[in-house]
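Trainee: Can we go through this one together? I'd like to start at the surface and then work inwards.

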Amino acid sequence: MIRRERRRGRDVAVLLEDFGHRLPAVPAAPLAARERGPFAELVPRRGPRGRGRGRAATPAPLAVWRMTSEQTPVVWPLIATSGLPPTGAQMGIDLLSGGAFHCDPVGWVTDEAIPVTNPNVVVFGKPGRGKSATVKAFALRMLGYGYRTLVLGDTKDEYEPLCRALGVEPFVLGSGLPARVNPLAFGPLRTGWDRLAAAEVRRREAIVFARWLVLIRGLVGSQSVPFGPVEETAVGEALRLLTGYRTAATRLAEPTIPQLWRALDEPPDELVAGCRYADRRHFLDATRLLRDALGTLVTGSLAGLFDDHTTIDVDWRAPIQSLSLSRLEPLGDSAVGIALTCLNSWGQAMREIADPGDLRIVIRDETWRQMRLGAEAMMSLDANLRLSRRDADVQVLLAHKPSDMLTAGDAASQAVAIARDLLHLCDVKVLHGQDQAVGDELGASLGLTPVAQRVVTGWAVAGKGRALWLVGDRAFQVQTVLTEPELRLTYTNEALTGGPA
């Protein structure tokens with residue numbers, strides 16, 4: 001059998017070569033070496049056979065969980081919360097996302113994407129859980145962003161080490177000490193009064209006298225004395241006569257509480273006529289309780305502290321200023337609360353005309369003492385919180401638990417209603433560790449979910465500096481991280497350990 005070979009065709013290159021035309025050869029590209037895959041061989045579902053190779057006789061059971069979308073970000077670690085911009089003081093680690101957590105209350109207000117309408121901060125936590133250390137670290141780290149700190153009433157001298165580390169000596173108020181603070185100070189509004197236009201004079205007059213009336217109402221109300229239209233008219237007219245505003249003086253005199261008390265106790269004819277009383281006896285009978293309340297402040301336990309012109313020279317350009325009230329502790333909570341009320345009015349006066357860009361952190365410790373004086377004493381603090389956006393101030397309130405603020409009166413009283421409003425005027429809430437008994441209280445006062453309550457009463461209690469941060473309606477599980485110098489400045493257990501850390 002003859003075998004035929006199959007003839008293959010000729011390509012174009014061979015044909016052209018027959019006629020003397022040779023095409024240039026194209027070098028073949030080298031084949032890339034194939035990478036070895038991570039799994040060289042398929043593994044059975046139960047693992048490879050053999051001793052020590054992880055063979056499972058039965059497959060592992062799968063855990064099934066049912067939860068709401070609100071609970072999922074807390075329980076499931078791979079789902080992070082919606083983050084905040086990295087601006088302001090870096091406080092520590094957000095354990096829900098694993099990233100850094102920054103605190104910038106004013107920046108949060110100006111950011112439309114963050115549900116915060118005011119820069120006020122309220123900090124709760126049982127003693128020893130690190131709430132004061134967190135506040136001190138925040139104030140120290142915000143110095144780099146142009147913020148200065150004012151401590152209105154350091155009741156335990158906790159901020160003295162921080163002040164001295166920044167080269168500032170804190171002012172100390174107490175019986176027998178030279179420092180005096182006049183809560184009826186004009187403040188910067190007095191500057192250039194004789195050169196102001198009539199409209200500006202009326203505007204400043206309304207601001208100053210309204211602040212003074214709020215202060216006197218609080219001081220009188222702290223002694224359970226009513227302050228109605230009769231008392232308001234008498235105090236307003238007396239202050240206008242003492243300053244010279246009623247007589248159209250171009251240079252106003254700064255009044256003091258003893259001067260106001262004496263003007264009411266020995267009223268001139270102008271005051272009696274201005275208040276529309278028939279005679280001097282009629283005036284004295286109508287204002288007896290008011291005069292007795294002011295007299296108690298002048299001659300009582302706080303005599304010599306707030307009854308003269310201010311003697312301290314505050315450097316408002318310094319990084320921090322602190323007013324210590326620790327020497328008043330033996331006088332009781334009421335005396336400290338009255339002192340905080342006076343300092344509150346004085347501090348507001350110093351900030352009524354602030355330079356553009358003068359940002360300040362105002363720390364108010366032990367605010368519950370002021371709140372226990374009654375509704376009238378709380379109105380000044382309420383005004384400060386409402387004006388924080390205008391003044392560019394970050395108001396920081398510290399307390400142990402929400403119920404401390406709600407002990408200002410009966411459950412249905414006006415004082416308790418104002419205290420609840422104060423909580424809602426703080427869009428940023430920092431909740432350090434609390435006992436289990438406070439969990440339900442947090443849920444009722446702040447609207448915390450059961451999962452968030454367990455974070456505060458469980459995880460936050462297990463370590464210092466742990467807190468649940470509520471920024472608007474967003475929750476962040478934050479561990480504050482302190483440097484070695486900050487640990488020394490924020491140590492508050494000297495009395496227990498006998499020395500610094």
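Trainee: Is Val481 buried, exposed or partly exposed?

Mentor: Keep in mind that this is a predicted model, where local features need pLDDT of at least 70, side-chain atom pairs count only at pLDDT 80 or more, and totals for chains, interfaces and linings use all residues. Numbering runs from 1 along each chain as its sequence is written, and side-chain values use heavy atoms, with hydrogens and water left out. Buried means under 20% relative accessible area, exposed over 50%, and partly exposed in between (1.4 Å probe, protein chains only). Val481 has a relative accessible area of 40%, so the label is partly exposed.

Trainee: Which residues make the nonpolar surface patch with Val481?

Mentor: Patch members need over 30% relative accessible area and no salt bridge (a side-chain nitrogen of Lys or Arg within 4 Å of a carboxyl oxygen of Asp or Glu). Like charges are joined within 9 Å, and nonpolar side chains (Val, Leu, Ile, Met, Phe, Trp, Tyr) within 5 Å. Areas come from the Shrake-Rupley method with a 1.4 Å probe, and for residues only the protein chains shown count as cover. The patch here is about 230 Å², and Val481 shares it with Ile93 and Leu95.

Trainee: Where is Val481 found in the chain?

Mentor: Helices (H or I, at least four residues) and strands (E, at least two) are DSSP runs, numbered from the N terminus. By that count, Val481 is in the loop between β11 (474-480) and α20 (484-489).

Trainee: Now inwards: how many residues of β7 are buried?

Mentor: Strand β7 covers residues 359-364. Leu359, Ile361 and Ile363 are buried on one side, and Arg360, Val362 and Arg364 on the other. That makes six of six.

Trainee: Which residue of β8 is the bridge partner of Val362?

Mentor: Two strands pair if DSSP finds at least two bridges between them. β7 and β8 (residues 393-399) have five, in the parallel sense. β4 (residues 147-154) also runs parallel to β7 over five bridges, with Val151 partnered by Ile363. For Val362, the partner in β8 is Gln395.

Trainee: Which strands are at the edges of the sheet?

Mentor: The sheet is open, with mixed pairing, and its 11 strands follow the order β2-β1-β11-β10-β9-β3-β8-β7-β4-β6-β5. An edge strand pairs on one side only, which gives β2 (99-103) and β5 (171-172).
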